[in-house]
Amino acid sequence: MSTTRVREDAVDFVLPDPEHRFDEVVLGQEVSRPRPGPPLEWSGGAWRLTFPRPESDRLEYLLGVEGAFVPDPGNPLRAPGPFGDKSVVEWPEYVPPAWLESIADQGPIEEIELRCRRLVARVRVLVYATPEPPGADAPLIVAHDGPEYAEYSGLTRFLDAMSWEERIPPLRAALLQPVDRDETYSASALYAGALVRELLPEITRQVPHGKRIGMGASLGALAMLHTHIRHPKTFDGLLLQSGSFFRQRYDKYEANFPRYRRITRFVGTVLRGVDVVRPIPVAITCGTAEENRANNEDLAAALTELGYPAWLAEIRDGHTWTCWRDAFDPHLPALIEAAS
């Protein structure tokens, strides 16, 4: 059985292998290069590694044994995700948000399916409402990767808790399932048109609402910003979490991503202030230990310079669903208020 020892400035990983059955064991993590890596070294009947603490209070990881990445069998702490559980190290400074213990009632969720001609697809949408029924002019949150947000970041539970504490008004949320995520969320004009011309009008027909808040993480954040720039009347506020705002200056390691150049061209136009016609409130959150940090900092500075009521919050974590969850409070309620 493996052992994991958390020290103030590092983590010691030990995987016993007295018969030296394995040829290779590596650490799978997303806070430093190489990735996957670094390798554990076999010594004294076990594979060992001392991994320096990143600028974070949490670390999600896997162990790669003979090329197969699995959770650490000696560490029971797990973080779920769309590609399976990861093991988690938490330093003493990490404190989960208090709203996780809320006794609030759960708001209703209804599943609908929208036909989208532009995407040649049927798009699954979960429609959430706060326990206190919202009126026809209540705000609507539109979330990319919405079902995943609900499952892995507790978005609807957060809205339950904030509604119960009267920190947000009664509202609804449309949680959109992605369609070919890497393609449609990568600054795609086709997707932005489909969202604005087909999906949102049909959602509005079924779910009347007032102000509209867009949110997304990673590529989903990029797609929300791209939609706003192309169709500036669509949203009244944006929550952008760990956005994949690739720039050639920082992100050459992403150059093999199929739509890398399309993304870098779009981000460059935003940073130069091209086609920015309607500044709206924008909350940007990002992990201190993730590679997207510099891009998010630059974007926040550029939007502020362009007259956006924008702010940046950095969470001591990496590019994880937990990082995005832990940033909801206070930034999503503050954004809803700013957009009202």
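Two strands are taken as paired when DSSP finds at least two bridges between them. All the views below show a predicted model.

**View A. Strand β14 and its partners β12 and β15.** Strand β14 covers residues 212-217. On one side β14 pairs with strand β12 (residues 140-144) in the parallel sense, over four bridges. I141 is the residue that stands opposite I213 of β14 in this pairing. Strand β15 (residues 237-241) also runs parallel to β14, and five bridges join the two. I213 again serves as a reference point here, with G237 as its bridge partner in β15. Between these two strands lies helix α5 (residues 219-230), and β14, α5 and β15 together make a right-handed β-α-β unit.

**View B. The two faces of β14.** In a regular strand, side chains alternate between the two faces of the sheet. R212, G214 and G216 point one way from β14. I213, M215 and A217 point the other way. Residues of both sets are buried, so the strand is mostly covered, with six of its six residues under the 20% limit of relative accessible area.

**View C. Strand β16 between β15 and β17.** Strand β16 spans residues 282-287. Four bridges join β15 to β16, and the two strands run parallel. L240 stands opposite I284 of β16. The chain passes from β15 through α6 to β16 in a right-handed β-α-β crossover. Strand β17 (residues 310-315) runs parallel to β16 as well, joined to β16 by six bridges. V282 stands opposite A310 of β17. Helix α7 (residues 293-305) completes a right-handed β-α-β unit with β16 and β17.

**View D. Burial of β16.** Which residues of β16 are covered on each side? On one side these are V282, I284 and C286, and on the other A283, T285 and G287. Both faces of the strand are therefore covered, because each of these residues falls under the 20% limit that defines burial. The count for β16 is six buried residues of six.

**View E. The side chain of T264 in helix α6.** T264 sits in helix α6, which comprises residues 260-271. Its relative accessible area is 11%, so T264 counts as buried. The side chain of T264 reaches the backbone oxygen of R261 at 3.0 Å.

**View F. The side chain of S153 in helix α1.** S153 belongs to helix α1 (residues 146-153). Is S153 buried or exposed? S153 is buried, because its relative accessibility is 1%. A polar atom of the S153 side chain lies 2.8 Å from the backbone oxygen of W321.

**View G. The largest pocket.** The space in the largest pocket is about 1,100 Å³. Its lining is made up of 47 residues, and the closest to the pocket centre are E30, F83, H319, W321 and W324. Several elements supply at least two lining residues each: β6 (58-65), β8 (78-79), β9 (86-90), α1, α3 (181-184) and α8 (321-339). The largest share, five residues, comes from α1. By class, the lining of the largest pocket holds 19 nonpolar, 10 polar and 18 charged residues.

**View H. The enclosed cavity.** The structure holds one cavity of 30 Å³ or more. About 30 Å³ of space lies in the largest cavity. What lines the largest cavity? The lining residues are V123, L176, Q177, P178, V179, Y185 and Y191. Of these, six are nonpolar, one is polar and none is charged.

**View I. D137 in the loop between β11 and β12.** D137 is placed in the loop that connects β11 (121-129) with β12. D137 counts as exposed because its relative accessibility is 65%. A221 is 84 residues away from D137 along the chain, and the C-alpha atoms of the two residues are 25 Å apart.

Conventions. Residues numbered from 1 in each chain as written. Predicted model: local features only at pLDDT ≥ 70, side-chain atom pairs only at ≥ 80, totals over all residues. Heavy atoms only, no water. Buried < 20%, exposed > 50% of the residue type's maximum accessible area, 1.4 Å probe, protein only. Right-handed = clockwise from strand over helix to strand, strands pointing away. 1 Å grid on protein atoms, 1.4 Å probe; cavity = no way out; pocket = protein on both sides within 12 Å on 5 of 7 lines; lining within 4 Å. Points joined across faces, edges and corners; volume = space filled by probe spheres on them. Nonpolar A, V, L, I, M, F, W, Y, C, P; charged D, E, K, R; others polar. Polar contact = N/O pair within 3.5 Å; in protein donor to acceptor, adjacent residues only side chain to side chain.
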